[in-house]
Amino acid sequence: MKHLILSAAVMAAITLTNCKEAPKESVEVEKEALMETPKEMAMADVSFGVRGNCGMCKSTIEEAAGKVDGVAKASWDVDQKKIDVSFDESKTDVLAIHKAIAASGYDTEKMAGDEAAYNELPGCCKYDHDIEMNQDGSTEE
């Protein structure tokens, strides 16, 4: 009888030990998968001109760019009229970022802003469409 109880206890201990080891293996596999993800990301940094005037423009332009899937960072400079964007090339491209900003009402180097969205902008955000925009984002009057 003692041998039967001892055998059952040993079997239970072996079973519990094996169950505890299984999650560690799956956690290691998940860690390996997470470590591979950053290698697959192809981050790119671009800068281009975007028309605008003020801090409200800055918020709208950065928000529009930031909503594009894959954009990690967007920062528009009010004085230089230029946006710096970091994005994952495997998820989006520069043209998609231009389109998103134009849809919010602002002209970029490559696209005219959506007229209906522009008309809805606050008065301080209205800019002169006739000003020539250079490739570096600067303007000539």
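A biologist and a modeller talk through how some features of this predicted model get their names.

Biologist: Before we start, what should I know about the numbering and the values?

Modeller: Residues are numbered from 1 along each chain as its sequence is written. The model is predicted, with local features needing pLDDT of at least 70 and side-chain atom pairs pLDDT 80 or more, while totals for chains, interfaces and linings use all residues, and side-chain values use heavy atoms, without hydrogens and water.

Biologist: Thanks! What makes the rings of Y106 and Y127 a stacked pair?

Modeller: Rings of Phe, Tyr and Trp (its six-membered ring) pair if their centres lie within 6.5 Å; planes under 30 degrees apart are stacked, over 60 edge-to-face, and the rest tilted. The centres of Y106 and Y127 are 6.1 Å apart and their planes are at 25°, so the pair is stacked.

Biologist: And why is the pair of Y118 and Y127 called edge-to-face?

Modeller: Y118 and Y127 have 5.1 Å from centre to centre and 70° between the planes, which fits the edge-to-face class. Y106, Y118 and Y127 form one aromatic cluster.

Biologist: How do you know whether Y118 is buried or exposed?

Modeller: Buried means under 20% relative accessible area, exposed over 50%, and partly exposed in between (1.4 Å probe, protein chains only). Y118 has 11% relative accessibility, so Y118 counts as buried. Y127, at 8%, is buried too.

Biologist: What puts K126 over the face of Y118?

Modeller: The rule asks for NZ of Lys or CZ of Arg within 6 Å of the ring centre and within 35 degrees of the ring normal. K126 is 5.4 Å from the ring centre of Y118, and lies over its face.

Biologist: Why are β2 and β3 said to pair?

Modeller: Strands (E, at least two residues) and helices (H or I, at least four) are DSSP runs, numbered from the N terminus. Two strands pair if DSSP finds at least two bridges between them. Strand β2 (residues 71-77) and strand β3 (residues 82-88) have 6 bridges in the antiparallel sense, so they pair. V71 stands opposite F87 in β3.

Biologist: Lastly, what makes a nonpolar core, and which helix or strand gives the most to the largest one?

Modeller: A core is a set of buried Ala, Val, Leu, Ile, Met, Phe, Trp, Tyr and Cys residues joined through side-chain atoms within 4.5 Å. The largest has 23 residues, and V50, I61 and Y106 are among those with the most contacts inside it. Helix α2 (55-66) gives the most to this core, with 4 residues.
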